[in-house]
Amino acid sequence: MRKLYCFDFDGTITTKDTMFLFLKFCAPFKFYIRFIQYAPLFILVKLHFANAEQVKRSFIASILQGYSEEQLQKYSKKFHQEYKNQIIRSKAVEFFKTIDTNAEAFLVTASLDIWVKPFADEFGFGCIATRAMYERGIFTGKFATKNCNGKEKVNRIKAEIDTQTYGKRIAFGDTSGDKEMLAWADEGFYRFFH
């Protein structure tokens, strides 16, 4: 029986949220200034008084908008090299080694493809993420897809993978944003690597 594995990224297989980490890595000074400016909005998001997707998009744009795709790829490769041994949970790495060669695995994440792709490539996984939008090779600060969270995770899996070719669907997550994906799977594991 062919298996399909879908892993959430931040918090599930990592020990830290990678968005803040990556943005700080690219532009430390700008990151701290913007973080202070956005702190009230982050609090409102936590209290469910502000739209998380809009705040996230605006915050990322305030730091990375105007960077070329080439620049961002260089940053993401350096970021991956520097952090892969620090933030990936060892239990997750051990589990990846047990995945059958006939199975297929994907990272399914609300994080941007910009910094997630090198991690997916390292594990030999596919990458279903929120996609950055570029115009003439420059990051616009906008997303080319909906934020890949909640129901959108399942929508994107169905749109990008022929799920009928798998006998079993197995998903891993760690927050309410993974609830729908875990419910959709034949086997859903919550905080399995913690």
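## Salt bridges, a helix and two pockets

A search of the whole structure, which is a predicted model, finds 10 salt bridges. Side chains of opposite charge can pair when their charged atoms come close. Three of these pairs make a good route into the fold.

Start with K153 and D8. They form a salt bridge, and their closest N and O atoms are 2.9 Å apart. The two residues lie 145 places apart along the chain, so the pair links distant parts of it. K153 belongs to helix α7, which covers residues 151–160. D8 sits in the loop between β1 (3–7) and α1 (18–26). Is K153 buried or exposed? K153 is buried, because its relative accessible area is 1%, and buried means under 20%. D8 is buried too, with a relative accessible area of 5%.

Move along α7 to E160. This residue forms a salt bridge with R131, and here the closest N and O atoms are 3.1 Å apart. E160 is in helix α7, while R131 is in the loop between β3 (126–130) and β4 (132–135). They are 29 residues apart, and the pair again links distant parts of the chain. E160 has 35% relative accessibility, so this residue counts as partly exposed. R131, at 37%, also counts as partly exposed.

The third pair is R169 and D186. Their side chains meet in a salt bridge, at 3.8 Å from N to O. R169 lies in strand β6 (residues 168–173). D186 lies in the loop between α8 (179–184) and β7 (187–190). The separation along the chain is 17 residues, and this pair too links distant parts. D186 is partly exposed, at 46% relative accessibility. Some salt bridges share partners: D8, K153 and D178 are joined in this way into one network.

Now look at α7 as a whole. Which of its residues are buried? They are E152, K153, V154, R156 and I157. An α-helix has 3.6 residues a turn, so residues three or four places apart point the same way. The buried residues of α7 pack against four elements: β1, β2 (104–112), β3 and α8.

Just before this helix comes T145. It is found in the loop between β5 (138–143) and α7. T145 is buried, because its relative accessible area is 16%. What does its side chain reach? The side chain of T145 comes to 3.0 Å from the backbone nitrogen of R131. It also makes a polar contact with the side chain of R156, at 3.4 Å. Setting aside neighbours within four places in sequence, T145 is in contact with A129, T130, R131 and R156. R131 is thus met twice: as a neighbour of T145, and as the salt-bridge partner of E160.

Next, the pockets. The largest pocket has a volume of about 1100 Å³. It is lined by 30 residues, and the closest to its centre are D17, V45, K46, A52 and N149. Which elements each supply at least two residues of this lining? They are α1, α2 (28–46), α3 (52–64) and β2. α3 gives the most, with 4 residues. By class, the lining of the largest pocket holds 8 nonpolar, 11 polar and 11 charged residues.

The second largest pocket has a volume of about 210 Å³. Its lining includes E69, L72, Q73, S76 and K77. Also lining it are D113, I114, K117, P118, D121 and Y134. Two elements give two or more residues to this lining: α4 (69–87) and α6 (113–123). By class, the lining of the second largest pocket divides into 4 nonpolar, 2 polar and 5 charged residues.

One last stop is G66. This residue has its place in the loop between α3 and α4. G66 counts as partly exposed, because its relative accessibility is 45%. Which residues does G66 touch, not counting those up to four places away in sequence? They are I138 and F139. The C-alpha atoms of G66 and K30 are separated by 14 Å, and the two residues are 36 residues apart along the chain.

Methods. Residues numbered from 1 in each chain as written. Predicted model: local features only at pLDDT ≥ 70, side-chain atom pairs only at ≥ 80, totals over all residues. Heavy atoms only, no water. Salt bridge = Lys/Arg side-chain N within 4 Å of Asp/Glu carboxyl O. Buried < 20%, exposed > 50% of the residue type's maximum accessible area, 1.4 Å probe, protein only. Contact = heavy atoms within 4.5 Å. 1 Å grid on protein atoms, 1.4 Å probe; cavity = no way out; pocket = protein on both sides within 12 Å on 5 of 7 lines; lining within 4 Å. Points joined across faces, edges and corners; volume = space filled by probe spheres on them. Nonpolar A, V, L, I, M, F, W, Y, C, P; charged D, E, K, R; others polar. Polar contact = N/O pair within 3.5 Å; in protein donor to acceptor, adjacent residues only side chain to side chain.
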